[in-house]
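Please look over the sequence and the model below before reading on. The paragraphs that follow lead from the way two parts of the chain meet to a few single residues.

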Amino acid sequence: MSVQTLYTAATGMQSMQTKLDVIANNLANVNTTGFKKDRANFEDLFYDHEVLPGNPDSSGNLTPTGTEVGLGVRVSSVQTDFKQGAFTTTDRPLDMLIEGEGFFQVLDPSGEVYYSRAGNFSVNANGQVVTGSAGIGRPIQPAIVIPQDATAVEVSPDGIVSVQQPGSSTLNEVGQIQLATFINPEGLLKLGENLYAETGSSSAPITGNPQTNGLGQIRKGMLEASNVEPVQELIDLITTQRSFELNSQTIQAGDQILQLISNLRR
């Protein structure tokens with residue numbers, strides 16, 4: 001049985017290592033705009049049933065319990081928490097925050113539309129509103145172009161983008177921001193670069209203007225901070241480390257028992 005102890009404790013160490021990786025990623029992204037933290041979930045493995053519950057005993061009565069020994073644990077899933085992050089005021093005209101449900105839509109050079117909660121947008125050389133990335137500036141969808149002579153940019157809570165131009169005392173509308181939502185956002189595929197892609201599990205995107213059909217509103221000059229809670233992550237880090245140590249001690253105990261049994265033959 002001590003041999004099984006080694007394998008069982010090893011599954012615990014492996015699972016704790018995965019949880020440690022998840023916590024490390026959460027803490028690494030504590031300052032990432034629009035980042036959503038992850039949580040590792042666990043499930044027990046198959047059981048070795050030596051005596052099944054409900055077997056008749058010597059008197060013919062059914063036993064209330066059985067004898068079963070678990071064979072360890074594994075990571076069942078890693079779920080994303082899409083809870084709203086804190087609001088950070090920047091006063092930049094193209095910094096936008098989604099208050100509520102929804103994702104910004106951006107067009108990748110591959111032709112695929114990706115989704116993001118990070119609203120730090122900029123303008124490229126063609127005047128297109130694009131993601132503020134030094135790598136690939138992906139245009140927002142539907143496309144919005146800011147005129148070269150624009151002196152001010154305004155974004156309303158319902159996603160209407162307007163600009164102030166010389167010689168005009170009124171704002172001229174240049175585009176409409178549309179948001180996307182999903183039946184199961186946890187089913188989205190994380191791509192890095194603050195981007196998500198739809199999958200068969202997430203459902204097809206349901207698009208619409210902000211403040212319609214349950215979609216959130218746009219707040220101009222603000223960004224959504226990461227929803228990682230550093231204190232809670234540090235607590236989880238400590239408990240995960242202790243769990244890893246306990247499993248390693250179990251392996252040491254099983255090894256010592258095996259050594260004792262081996263020495264009995266001498």
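In this predicted model, the area buried between domain 1 and domain 2 is about 920 Å², and carbon and sulfur atoms give 50% of that area. On the side of domain 1, the residues that lose the most area to domain 2 are Thr33, Lys36 and Phe82, which together make up 59% of what that side buries. To place these names on the chain, it helps to know that domain 1 is made of two stretches, residues 3-82 and residues 229-264, whereas domain 2 runs over residues 86-225. The C-alpha centres of the two domains lie 42 Å apart, and where domain 1 and domain 2 are in contact, eight residues of domain 1 meet 13 residues of domain 2.

What kinds of contact are found between the two domains? Between domain 1 and domain 2 there are two salt bridges, and six residue pairs are in polar contact, counting pairs in which both residues have pLDDT 80 or more. The residues on the side of domain 1 that touches domain 2 divide into one nonpolar, five polar and two charged. Lys36, already named for the area that it loses to domain 2, also takes part in a salt bridge, in which its side chain meets that of Glu224 with a distance of 2.4 Å from N to O.

The UniProt record, an unreviewed entry, adds names to several spans of the chain. It gives the annotation "domain: Flagellar basal body rod protein N-terminal" to residues 6-36, a span that is 74% helix and 0% strand in the model, with its end C-alpha atoms 36 Å apart. The same kind of annotation in the unreviewed entry, "domain: Flagellar hook protein FlgE/F/G-like D1", covers residues 98-163; here the model has 0% helix and 38% strand, and the end C-alpha atoms lie 20 Å apart. Finally, UniProt places "domain: Flagellar basal-body/hook protein C-terminal" at residues 220-264, where the span is 76% helix and 9% strand and its end C-alpha atoms lie 76 Å apart.

We can now turn to single residues. Glu50 belongs to strand β2, which is formed by residues 47-51, and, when residues up to four places away in sequence are not counted, Glu50 touches Thr67 and Val69. The C-alpha atoms of Glu50 and Gly66 are separated by 7.6 Å, although these two residues are 16 residues apart along the chain.

Two further places concern the backbone. Most peptide bonds are trans, and most residues other than glycine have a negative phi. Against that background, Gln141 and Pro142 are joined by a cis peptide bond, with omega about -10°, and Pro142 is found in the loop between β10 (129-131) and β11 (152-155). Glu193, a residue other than glycine, has a positive phi near 60°, and this residue lies in the loop between β15 (189-192) and β16 (195-197).

Note on methods
Residues numbered from 1 in each chain as written. Predicted model: local features only at pLDDT ≥ 70, side-chain atom pairs only at ≥ 80, totals over all residues. Heavy atoms only, no water. Domains from an automatic or database assignment. Contact = heavy atoms within 4.5 Å. Buried area = accessible area lost by both parts, 1.4 Å probe. Salt bridge = Lys/Arg side-chain N within 4 Å of Asp/Glu carboxyl O. Polar contact = N/O pair within 3.5 Å; in protein donor to acceptor, adjacent residues only side chain to side chain. Nonpolar A, V, L, I, M, F, W, Y, C, P; charged D, E, K, R; others polar. UniProt positions renumbered as here; feature names shortened; annotations may be inferred. Helix = DSSP H or I, 4+ residues; strand = E, 2+ residues; numbered from the N terminus.
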